[in-house]
Structures are given as C-alpha cells and as structure tokens.
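Please open the model in your viewer and keep the sequence panel beside it, since this tour moves from the whole chain to single residues and asks you to make a new selection at each stop.

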Amino acid sequence: MKQKKPTWVIQKERDRRAAAAETVWLFGIHAVRDALVNPMRERLRLVVTKNAHDRLADAIAASGMTAEISDPRKFAAPIDPQSVHQGAALEVKPLDWGNLTDLCAPRGQNARVILLDRVTDPHNVGAILRSAEVFGARAVIAPHRHSAPETGALAKTASGALERQPYLRIKNLATTMEALKEMGYLMVGVDAIGEGTLADLAQDQPIALVLGAEGPGLRDKTKETCDALARIDPAGQFGSLNVSNAAAVALYAVGKPS
C-alpha cells in the first residue's frame with residue numbers, strides 16, 4: 001500500500017509548482033528596456049507597438065527576442081488597459097537573486113541593507129529600489145507574505161532598478177534580521193519613537209535599516225528584534241514621510257557604504 005504524503009509535503013510541492021509557473025508582465029519603455037538587456041532575466045514574450053519597437057530596437061536586437069507588433073488601440077498584452085505601458089510589455093520569470101549570505105555578507109565593508117515590514121504598495125517598493133540602488137544598498141529584503149510582489153507596476157516605478165538592485169523575498173522577517181545580526185549588521189528600526197536620530201549612529205559599521213508600512217509602522221516583534229530604534233527629525237512640530245521617502249532619507253543619513 002502506497003504511503004500517503006504528509007499535508008505539509010503536498011503543500012510544499014504545490015508551492016514549488018506554482019512558483020515555477022509564475023510569470024510577470026513588465027510594462028513601460030524603461031522597465032522593458034532594462035529587462036531586455038538583463039542577462040539574469042528569463043524572457044518569454046514581448047509585445048510592442050511599432051513606435052515602441054523603434055525606440056527599443058537596440059535592446060530587442062541584443063535580447064535575441066522576436067517582438068509581436070501590436071495595434072496601440074488593441075494592445076495584445078494581457079495587462080490592465082489603464083496601465084501606462086507606452087506600447088511595450090514583456091512577460092518574464094521573476095528574478096532569482098540567490099541567498100541572503102551571498103548577497104549581504106559584509107566581507108569587511110560597511111554594507112547597507114533595507115528590510116521592509118509589511119510594505120505592500122508596489123509603487124513604494126519600486127521607489128525604495130531606486131533609492132537603494134543610488135545609495136549602494138546590498139539588497140532590499142521583504143517577506144513573501146504581506147509585501148509587494150514583483151509586478152509591472154513595481155517595475156515601472158523602479159524605472160529599471162528592479163533589474164539591477166536585489167529584491168530578496170524571504171520567509172520570515174525576524175529570522176532574517178537575526179541572521180543579519182550574526183553577519184555583523186546593526187539592526188536599526190526607523191521609527192518616530194526612536195530615542196536617537198539616524199545621524200547619531202556610527203557609520204563605520206554594517207547597518208540594516210528596517211522600515212514599516214505607513215500607518216501601522218513596525219510591528220512589535222520587529223521592534224523587539226532591532227538593536228536600536230532611530231527617528232527622522234522633522235523641522236517643525238509635526239511632519240511625516242511616506243515609507244519610500246523615509247528610506248531615501250535614512251540611507252542618506254547613515255552614509256554610503258565603504
């Protein structure tokens with residue numbers, strides 16, 4: 001008699017098959033161009049208007065893909081008709097950035113990483129990826145659940161940064177924070193109740209900045225796992241930043257990695 005597989009094994013196999021079948025439609029000239037020339041991308045289908053094809057001709061040639069030319073009035077890609085696609089859409093597999101240790105181990109440098117606690121808005125995450133690339137962060141890290149997945153909207157907001165800036169999805173945020181601590185990172189929660197400011201931190205060390213969703217902010221478990229909580233001081237009595245702006249300010253405040 002064949003032994004029945006445990007429920008957790010069955011679910012794990014289903015999740016693996018679902019991940020293998022998952023694809024993403026990127027759209028917009030910048031997002032599509034950068035994905036076309038990214039050797040890490042597995043590209044499946046390219047739909048463009050004649051005008052977009054002319055604008056992307058070099059990138060299309062470099063990718064080796066054959067584009068489907070579509071009427072702009074009846075754009076053939078299965079994306080939201082309200083998307084600002086600029087006549088270009090590319091179906092791809094999500095990027096695989098590898099594991100946490102390979103990406104984030106400081107290796108004697110004052111590395112920087114960003115961790116996101118339940119930041120679900122793809123536009124915010126896209127903007128954070130752009131800032132992370134500018135300021136040299138090793139990775140932007142977020143849990144698989146309750147965070148923004150890799151989508152066309154995220155890629156368009158990132159304006160190409162998604163292809164170059166690691167966006168690592170992990171199972172458990174607290175566990176990942178502990179692993180980064182073991183690598184030597186100072187775990188800093190960016191929070192309005194922080195006793196000190198980001199400018200007070202010693203910059204000559206690996207620093208991991210943890211940011212929460214607008215409104216709820218950092219969860220209690222996340223705060224408890226941080227080594228310190230630091231605030232961004234407003235110039236006036238009242239003031240707040242959305243999470244993408246806060247990430248940019250925080251990265252600037254702790255200095256570029258060396």
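Begin with the surface of the whole protein chain, which exposes about 13700 Å², with carbon and sulfur atoms supplying 50% of that area. Bear in mind throughout that this is a predicted model. Buried residues make up 47% of the 258 residues in the chain, and a cartoon display shows 10 helices and 11 strands. The radius of gyration is 20 Å, close to the 18 Å that the globule rule gives for 258 residues, so the chain is as compact as a globular protein of that length. If you align the view with the principal axes, the C-alpha trace spans about 65 × 55 × 35 Å. Among the contacts with a separation of 6 or more, 77% are between residues 24 or more positions apart. Colouring by charge brings up 32 positive and 29 negative charges, whose mean positions are 6 Å apart.

**Stop 1: helix 2**

Select residues 29-36, which form helix 2. Of the 8 residues of this helix 6 are buried, so helix 2 is largely enclosed by the rest of the structure. The buried ones are Ile29, Ala31, Val32, Asp34, Ala35 and Leu36. To see what surrounds them, add strand 1 (24-27), strand 2 (43-48), helix 3 (50-55), helix 4 (57-63), strand 4 (88-92) and helix 7, against which the buried residues of helix 2 pack.

**Stop 2: the salt bridges**

Side chains of opposite charge can pair when their charged atoms come close. In this model the count comes to 10 salt bridges, and three of them are visited here.

Stay on helix 2 and show the side chain of Asp34, which meets that of Arg164 in a salt bridge with an N to O distance of 3.3 Å. The pair links distant parts of the chain, 130 residues apart, since Asp34 is in helix 2 while Arg164 is in the loop between helix 7 (152-158) and strand 7 (167-170). Asp34 counts as buried at 18% relative accessibility, whereas Arg164, with a relative accessible area of 41%, is partly exposed.

Next select Asp117 and Arg219, whose side chains meet in a salt bridge at 2.7 Å, N to O. Asp117 lies in strand 5 (residues 112-117) and Arg219 in the loop between strand 10 (207-212) and helix 9 (220-225), so this pair ties together parts that are 102 residues apart in sequence. Asp117 is buried, at 0% relative accessibility, while Arg219 is partly exposed, with a relative accessible area of 33%.

Then move to Asp191 and Lys223, a salt bridge in which the closest N and O atoms are 3.7 Å apart. Because Asp191 lies in the loop between strand 8 (186-190) and strand 9 (196-197) and Lys223 in helix 9, the pair ties together parts that are 32 residues apart in sequence. Asp191 counts as buried at 12% relative accessibility, and Lys223 counts as partly exposed at 25%. To finish this stop, bring Glu133 into view beside the pair from helix 2, as salt bridges that share partners join Asp34, Glu133 and Arg164 into one network.

**Stop 3: Val47**

Which residues is Val47 in contact with, once its neighbours within four places in sequence are left aside? Select Val47, which is in strand 2 and is buried, with a relative accessible area of 0%. Leaving those neighbours aside, Val47 is in contact with Trp25, Glu68, Ser70, Phe75, Ala76, Ala77, Gly87, Ala88 and Ala89. As a further reference point, draw a C-alpha to C-alpha distance from Val47 to Asp71, which gives 9.9 Å in space for two residues that are 24 residues apart in sequence.

**Stop 4: two backbone angles**

Most residues other than glycine have a negative phi. The last two selections are worth viewing with the backbone shown. Arg107 has a phi near 50°, a positive value in a residue other than glycine; Arg107 is placed in the loop between helix 5 (100-104) and strand 5, and is exposed, with a relative accessible area of 58%. His146 has a phi near 60°, again a positive value in a residue other than glycine. His146 lies in the loop between strand 6 (140-143) and helix 7, and at 40% relative accessibility counts as partly exposed.

Notes
Residues are numbered from 1 along each chain as its sequence is written. This is a predicted model: local features need pLDDT of at least 70, side-chain atom pairs count only at pLDDT 80 or more; totals for chains, interfaces and linings use all residues. Side-chain values use heavy atoms; hydrogens and water are left out. A salt bridge is a side-chain nitrogen of Lys or Arg within 4 Å of a carboxyl oxygen of Asp or Glu. Helices (H or I, at least four residues) and strands (E, at least two) are DSSP runs, numbered from the N terminus. Buried means under 20% relative accessible area, exposed over 50%, partly exposed in between (1.4 Å probe, protein chains only). Contact means heavy atoms within 4.5 Å. The radius of gyration is taken over C-alpha atoms; the globule rule is 2.2 Å times the number of residues to the power 0.38. Accessible areas come from the Shrake-Rupley method with a 1.4 Å probe; for residues, only the protein chains shown count as cover. Lys and Arg count as positive and Asp and Glu as negative; His and the chain ends are not counted. The place of a charge is taken as NZ of Lys, CZ of Arg, CG of Asp or CD of Glu.
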